Amino acid sequence: MGRVGLSTDRLVRAGAELADEVGFDQVTVSALARRFDVKVASLYSHVKNSDDLRTRIALLALEELADRGDLALAGRAGKDALTALADVYRDYAREHPGRYAAAQLRLDPEAAAASAGPRHAGMTRAILRGYDLTEPDQTHAVRLLGSVFHGYVTLELGGGFSHSAPDTQETWTRILDALDTLLRNWPPTN
């Protein structure tokens, strides 16, 4: 039986907090045991190992992001929806850098299918319906948006833009303007 007060959910949430504080790559069962001042063995009735813990944190992060995205997209379309979803990812990464990193963890196919990952793709596809894209262009656009959102956020979090003007918010706004223009004028297939 696990230590009183410990549960899988509590440990995963504590692991997510730890990831935000020290970085996702530093989260282990041992580090979590130190946080609770318990022996590592007492956590094994709740998580199998560090990989299991990290996977559970990734699933939590994907769920949190999808919930925020659903709320942000309600009643929006076109550029307004594009900006809302982009801001969800950027804001989440700033507030929860470790969890955001966890959301990028490569999951096994079964875990990925059962995760909130498909909700993310669905939200992006919902935005793209406002731009009247069909397949395969819609899939190309999903990949483009994911690449731009993640790439910008990762570079910004890493300090890649901190030593030059203009302000990163101005650049972010211009990028979203450019994406909107591109999506409205998607090049035809040759």
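A residue counts as exposed when its relative accessible area is over 50%, and as buried when that value is under 20%. Both words recur in the stops below. The structure on screen is a predicted model.

**Whole chain**

Start with everything shown as a cartoon. The protein has nine helices and zero strands, so the pattern along the sequence reads α-α-α-α-α-α-α-α-α. With the C-alpha trace aligned to its principal axes, the span is about 60 × 40 × 30 Å. Of the 190 residues, 42% are buried. Among contacts with a sequence separation of 6 or more, 70% are between residues 24 or more positions apart.

**Stop 1: Asp37, after H2**

Select Asp37, in the loop between H2 and H3. Its relative accessibility is 68%, and Asp37 is therefore classed as exposed, the threshold being over 50%. Now display the backbone. Asp37 is not a glycine, yet its phi is positive, about 55°. Most residues other than glycine have a negative phi.

Step back into the helix that Asp37 follows, H2. Select Val29, Ala31, Leu32, Ala33 and Phe36, which are the buried residues of H2. To see part of what covers them, add H1 and H3.

**Stop 2: the nonpolar core**

Which residues have the most contacts inside the largest nonpolar core? Select Leu43, Ile57, Leu82, Leu128, Phe149 and Leu183 to show them; the core as a whole has 58 residues. Next, colour the helices that supply at least two core residues each: H1 (8-22), H2 (29-36), H3 (50-73), H4 (78-95), H5 (97-102), H7 (117-129), H8 (137-157) and H9 (168-184). H3 contributes the most, with 10 residues. In soluble globular proteins, nonpolar side chains tend to be buried together.

**Stop 3: Leu82 and Asp180**

Centre on Leu82, one of the core residues just selected. Apart from neighbours within four places in sequence, Leu82 has contacts with Ile127, Tyr131, Leu145, Phe149, Leu176, Leu179, Asp180 and Leu183.

Move from Leu82 to Asp180, which is in helix H9. Is Asp180 buried or exposed? Asp180 is buried, because its relative accessible area is 7% and the limit is under 20%. Show its side chain together with that of Arg184: a polar contact of 2.9 Å joins the two. With neighbours within four places in sequence again set aside, the contacts of Asp180 are Lys79, Leu82 and Tyr131.

**Stop 4: H7 against H8**

Hide the rest and keep H7 and H8. Two packed helices are described by the angle between their axes and the distance between the axes. Here the axes come within 10 Å and cross at roughly 115°, and the crossing is right-handed. On the H7 side, select Thr124, Arg125, Leu128 and Arg129; on the H8 side, select Gln138, Thr139, Ala141, Val142 and Leu145, which they meet. By type, the residues of this contact are four nonpolar, three polar and two charged. Leu128 and Leu145 have already appeared: Leu128 in the list for the core, Leu145 among the contacts of Leu82.

Keep Arg129 of H7 selected. Although Arg129 takes part in the contact with H8, it is classed as exposed because its relative accessibility is 57%. Add Gly75 and draw a C-alpha to C-alpha distance: the two residues are 14 Å apart in space and 54 residues apart in sequence.

**Stop 5: the loop between H7 and H8**

Follow the chain out of H7. Asp132 is in the loop between H7 and H8. This residue, which is not a glycine, has a positive phi near 60°. Asp132 is exposed, because its relative accessible area is 67%.

In the loop between H7 and H8, select Pro136. The peptide bond that joins Glu135 and Pro136 is cis, with omega about 0°. Most peptide bonds are trans.

**Stop 6: the loop between H8 and H9**

Where is the cis peptide bond that involves Pro166? It runs from Ala165 to Pro166, with omega near 0°. Pro166 has its place in the loop between H8 and H9. From this loop, continue into H9 to return to Asp180.

Methods: Residues are numbered from 1 along each chain as its sequence is written. This is a predicted model: local features need pLDDT of at least 70, side-chain atom pairs count only at pLDDT 80 or more; totals for chains, interfaces and linings use all residues. Side-chain values use heavy atoms; hydrogens and water are left out. A nonpolar core is a set of buried Ala, Val, Leu, Ile, Met, Phe, Trp, Tyr and Cys residues joined through side-chain atoms within 4.5 Å. Buried means under 20% relative accessible area, exposed over 50%, partly exposed in between (1.4 Å probe, protein chains only). Helices (H or I, at least four residues) and strands (E, at least two) are DSSP runs, numbered from the N terminus. Contact means heavy atoms within 4.5 Å. A polar contact is a pair of N or O atoms within 3.5 Å; within protein, one must be able to donate a hydrogen and the other to accept it, and residues adjacent in sequence count only if both atoms are side-chain atoms. Axes are lines fitted to C-alpha atoms, for helices over the stretch in contact, and angles run from 0 to 180 degrees between N-to-C directions. A crossing is left-handed if the near helix is turned anticlockwise from the far one by less than a right angle, and right-handed if clockwise. Ala, Val, Leu, Ile, Met, Phe, Trp, Tyr, Cys and Pro count as nonpolar, Asp, Glu, Lys and Arg as charged, and the others, Gly among them, as polar.
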